[in-house]
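Please examine the model shown below, with attention to how its helices pack against one another. The explanation that follows begins with one helix pair and then turns to its surroundings.

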Amino acid sequence: MIILLNSDICPPFYNSFTNEAITACYHEEEVIQTKGVSMNTRYQLKNLNLTNTVFLIVTPILAITLTTYIFLTQTVSMPQYALLIFFYFATGFSITAGYHRLFAHRAYKAHWSVKLFFLLFGAATFQNSCLKWATDHRRHHTNVDTEEDPYNIGEGFFYAHIGWVLLKEKEKYMNQFPKDLVNDKLVMWQHKYYLPLCAFMGLFLPGLIGMAFGSFLQGFVLAGLFRVVFVHHATFFINSLCHMVGSVTYSSEHTAKDSWIMAIFTYGEGYHNFHHTFQTDYRNGIKWFHFDPSKWIIWTLSKLGLAKNLKITAVEDIELAKLQVQMEKKLVSSENGGLNDRLVTIFEQLRTNLMEQKRSRRLGDSDTLGQLCQQYSYLLDHFRNLSPA
Ligand SMILES: [Zn+2]
Ligand SMILES: [Zn+2]
């Protein structure tokens, strides 16, 4: 079953269309740059979360050293490579389709067995319990690009990627969790036993399976340590590069970007501008050809009866958001106030028409949406030939 999102529960993305407001939007990055705190003072010993800092420094060193030792002194069998690949995908998708889209955004509902799988293999990534992870992530969406954003890209690439994990958490956020997550027994069970779970699922289980294939060390190092480091940085990219690299397609009100290249590195989370604009949609890449394996997994689970209530955004909202961004770019590049006003007026008419049609739900079997959007798109392409009247 697929649920069509009501625009009322989608984040608002319509601004007042004054030139000043739109220009301010495009200069947002300059403002954000001034918020950074000096690296020298921020990463002092007294500010560091020592457990996280030691773990994030020691694991890559151990992973590189032991992986090199294994490749120089031993033969790695095919089942060990298969184990590495299985753990790479099982743990990565547990973060993107599980921690992120299922628990943080409630973009769909899943059978308890699927939830348990995501919670077990999510723990194996050493990225905190799902309760903590999803809480931080909701705060990221609510306060994106501000000082209250836990991985605010305005503080620079290093901070958003890994720096924020190295630092002690602000006291006011400690043990503050959303009710729906606290009421989820499986989520709370994983939170309670997080440390033994992540040690077992992340390191010892791959070691034990590796032992069945002939070498505990190879399983422990390749599907365990090496994979932990790899999945760490692949998913950390979502907070760093996905707010830096790519295009602004659906909203210029946040720094999130759309990039198919980033989607390849992040299990399909690279269409981040769409995601921040329509955060409860179970998809990040909305076209069939968009590389979003997390979306394909959720869709497949729904066909198997293991997931339901997949939320998707109304096509009218998506088209309007896209045209609004295109219009904003035209307005920024034009100095002709008369033309700008006309584009805005026509856009407002388009919005009213589409919202009316959405309400009456007649769009699915007519091409009115396509025609209206095409007309406005044509107008934007040829706006210099318009008369301001
Ligand atoms: Zn983000
Ligand atoms: Zn999100």
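H5 and H6 are oblique to each other, because their axes cross at roughly 120° and angles count as oblique when they are neither under 35 degrees (roughly parallel), nor over 145 (roughly antiparallel), nor 65 to 115 (roughly perpendicular). The axes of the two helices come within 8 Å; axes are lines fitted to C-alpha atoms, for helices over the stretch in contact, and angles run from 0 to 180 degrees between N-to-C directions. The crossing of H5 and H6 is left-handed, a term applied if the near helix is turned anticlockwise from the far one by less than a right angle, right-handed being the term if clockwise. Ala90, Thr91, Ser94, Ile95, Gly98, Tyr99 and Leu102 in H5 meet Phe118, Phe121 and Gly122 in H6, where contact requires C-beta atoms, placed from the backbone, within 7 Å. These residues divide into six nonpolar, four polar and no charged (Ala, Val, Leu, Ile, Met, Phe, Trp, Tyr, Cys and Pro count as nonpolar, Asp, Glu, Lys and Arg as charged, and the others, Gly among them, as polar).

The model is predicted, with local features requiring pLDDT of at least 70 and side-chain atom pairs pLDDT 80 or more, while totals for chains, interfaces and linings use all residues. Residues are numbered from 1 along each chain as its sequence is written, and chains are lettered from A and ligands numbered from 1 in the order in which they are written.

H5 (residues 78-104) also packs with H7 (residues 130-142): their axes come within 10 Å and cross at roughly 65°. This crossing is right-handed. On the H5 side the contact involves Tyr99, His100, Phe103 and Ala104, and on the H7 side Cys130, Trp133, Ala134, His137 and Arg138. By class, the contact of H5 with H7 has six nonpolar, two polar and one charged residues.

Both H6 and H7, together with H5, recur in the surroundings of H10 (residues 185-192). Its buried residues (20 or more other C-beta atoms within 10 Å; exposed, 12 or fewer; partly exposed in between) are Val187, Gln190 and His191. They cover an arc of only 100° around the axis, so they lie on the same side of H10; the arc is that of the directions from the helix axis to the C-beta atoms. Lys185 and Lys192 are exposed on the other side of H10. The cover over the buried residues of H10 also includes H9 (179-182) and H11 (194-212).

The protein chain as a whole holds 18 helices and four strands, taken as DSSP runs (H or I, at least four residues; E, at least two) numbered from the N terminus. Buried residues make up 38% of its 389 residues.

Methods:
Contact = placed C-beta atoms within 7 Å.
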